[in-house]
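I opened my notebook to follow one small sheet and then step back to its chain. Here is what I looked up, in order.

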Amino acid sequence: MRKELCRNFQRGSCRYGENCRFLHPQQAKPNNPFGFGSQQQQQQPQQQKSSNPFGFVVQSGGASSRPNQFQPFENTWSRTGSTPSAAGGGASAQQTTGGKQTQSTDHKCTDPAACKRVMQDDFKNERPMWKLTCYGHWKYFPCDVTGDISYEELRALAYDEAKRGIPLQSIVERERNLQNSKIAEFENFLRNPYKGSVTANQSPFAAPTPSIFPPTNQINSSPPAFAGFNQQAAFPNTNAGGLSSSGPLNAFASFSHQSNNQQTTFPNTNAGGVSSSGPSNAFASFNKQPNAFGVNTPQPIPTGPSGFQTHPSVAFKPASFGPGPGLPTTPQNNNIFGRPTPTPAPNTSQTAFNFNVPVASFTAPAVDTTNTSSGTELQIQGDPVDSSIWLKEKWNPGEIPEQAPPDAFV
Amino acid sequence: MATFGAAANANSNPNKSYEVTPSPGDSISSLSFSPRADILVATSWDNHVRCWEISRSGTSIASAPKASISHDQPVLCSAWKDDGTTVFSGGCDKQAKMWPLLSGGQPVTVAMHEGPIVAMAWIPGMNLLATGSWDRTLKYWDTRQQNPVHTQQLPDKCYALSVKHPLMVVGTADRNLIVFNLQNPQTEFKRIQSPLKYQTRCVTAFPDQQGFLVGSIEGRVGVHHLDDSQQTKNFTFKCHRDGNEIYSVNSLNFHPVHGTFATAGSDGAFNFWDKDSKQRLKAMARCNQPIPCSSFNHDGSIYAYAACYDWSKGAENHNPATAKSSIFLHLPQENEVKAKPRVATGRK
């Protein structure tokens, strides 16, 4: 068997498996000269510039074969921080346990410079056309930038505004502002991906960080361990994009506590976002308005057929924005995207319907949902950062608090 | 410019697919085929739900409009009941309607949310309708009752939903993907963050329930297996890119027979792929409009896709006066959808 490491296996999927003629290290190599552990991080080479147009990252036999050599955008940093070596010796620099990286391995961003390279690369080469998106630089790991807005959300908002008589130009303007603030957010993030305090999940201090909502609300239950991920400080953006708990007003009240905010254009984010503040307040009320984009007047269409009928083709008259006969009065909230009213026990069955069927087919134990209790309270942290951060001798990247130390420590 | 019209037509339907008429007045948000017959339902931003009967003989195909219902606001999603008698539709009016169209009945509201309903699926094993909404909940409805049988809190707004009983996958904002075992629906079976780096656009479960596909706005699809022992088979691949332009993958559909799948994107193209041999089977020509949704019929002999504006470039690219929304039907050839053996690389 060849002594070279199998590149596909490093990426988590080699179709030859046991029969592969390259090495598949099943665990940390004991004779590893660089002292790599079993948690070797490896960048997913998702942006390979090779002749493979589809970037099938694990299969060289599929679309086209990748030459077994140093790939330009591959992560070649090692845990010890040594400079990446070129092909040949590069094999050991990229060692990892196969398959581990495709699962939710702990990613600690132990080499922030390399992770930053990943992000820069993503922003340069893998920037999608749609800008109102979240972003996570490591697969299977939480977002670095939050605040997703989908096409349909933007469109629903635009249609709603049009119905209320807002001219197209203002809608376009509002959308453009939203996009610009999101782009600015990304740029800010890229400049300083590890700004902000320690997150609650990985912190040995077990400190609640400047978070408005309980961490379980935002962070999933898989092992997070992301040192320096500014997950919590990104919450303001999350809130702008979609609030997770009780009413919008409460969330904004506590925003003032948020000093740990990497988003300098924060007000704009909120303005453009889903939540109800900002210049173009789209959620004041629903009024019946004539069709703002009126090209055709709305046609009443018969609701419900009495049988399979053939409609004349004119029945499907093209209608532009809001051809509906009228807007329903909103029952209780003004937010188009709706906020769930805080319910104490949303998961209790309201009827006698029996869910107590034993789990049969899935082998892994069921993960208890942790989000039933969250999302209903607002935690306003008086002292956001655990004071012990100030007592530390040496700060790791990502731990460095942004605020000045409280007077007690000066 | 005498041939201008002809050129425009060629661009709008370069695959020479059959166009279903009359076309809706505004963009199509979802397409669903009946699980039993070739009846196609389309929901649209013009507030209507329409259905056509599709008849196919050999390579020729025809459609006949049958009926329609309307909501008060744009309709975003649809689902058929497994017996092919009833259609569910939901949208910005925060309601889901049940329309027993086969019997000619009137639609009834069967579900309510606090935000627009963007995804829904009928769960055959439990006779329930599952609806996902931007209000961050997933609700299960017995259509005879006013209140949901169960409300499941989601970590964020629901963006996509796929059911292959008893597997259900929900994609939400901020890259959450939650897997449910419908035999135990009150508990999340697994929650992961997407293997893709940007916003989730669509998810679909494998027919064999071993995993799911996830598509994002970054022109990439992730193939994810649920079992820990199969994690090495996970991978992602790029698609729907044009030079430096990266378009989103809007729709993922498995072929009901061959286990291959189709992707459709904002670049106006649809492609057929085989995930087991990791190949693209066929790349179809690009339409001049995005494809926001698509669907196979029950036996995979018809692939319906819509070509209309999906808002991927915002409001400024929306021109209601000139916008055209089309529904096309493509008859997949065997070489487009039949699984291929792995390419031998001659390594050994």
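Entry one, the sheet. I am working from a predicted model, and I began with an open sheet of 4 strands in chain B, ordered 24-25-26-27. The pairing is antiparallel. I then asked which strands stand at the edges. They are strand 24 (249–254) and strand 27 (279–283) of chain B; each has a single partner strand, so one side of each lacks a neighbour in the sheet. I also noted the twist, which averages 25° from one strand to the next.

Entry two, one pairing up close. How many bridges join strand 24 of chain B to strand 25 of chain B? I found 5, with strand 25 covering residues 261–265 and the two strands running antiparallel. To pin one down by residue, I looked up Asn253(B), whose bridge partner in strand 25 is Ala262(B).

Entry three, the annotation. I checked the UniProt record, an unreviewed entry, and its "repeat: WD" annotation covers residues 21–62, 68–109, 110–151 and 249–283 of chain B. I took the span 249–283 of chain B further: it is 60% strand and 0% helix, and its end C-alpha atoms lie 14 Å apart.

Entry four, the chain as a whole. I counted 30 strands and 2 helices in chain B. Of the 348 residues in chain B, 70% are buried. Among contacts in chain B with a separation of 6 or more, 46% come from residues 24 or more positions apart. Last, I looked up the surface: chain B exposes about 10400 Å², and carbon and sulfur atoms supply 45% of that area.

Technical notes. Residues numbered from 1 in each chain as written. Chains lettered and ligands numbered in written order. Predicted model: local features only at pLDDT ≥ 70, side-chain atom pairs only at ≥ 80, totals over all residues. Heavy atoms only, no water. UniProt positions renumbered as here; feature names shortened; annotations may be inferred. Pairing = 2+ DSSP bridges. Axes fitted to C-alpha atoms, helices over the stretch in contact; angles between N-to-C directions. Buried < 20%, exposed > 50% of the residue type's maximum accessible area, 1.4 Å probe, protein only. Contact = heavy atoms within 4.5 Å. Areas by Shrake-Rupley, 256 points an atom, 1.4 Å probe, with all protein chains shown as cover.
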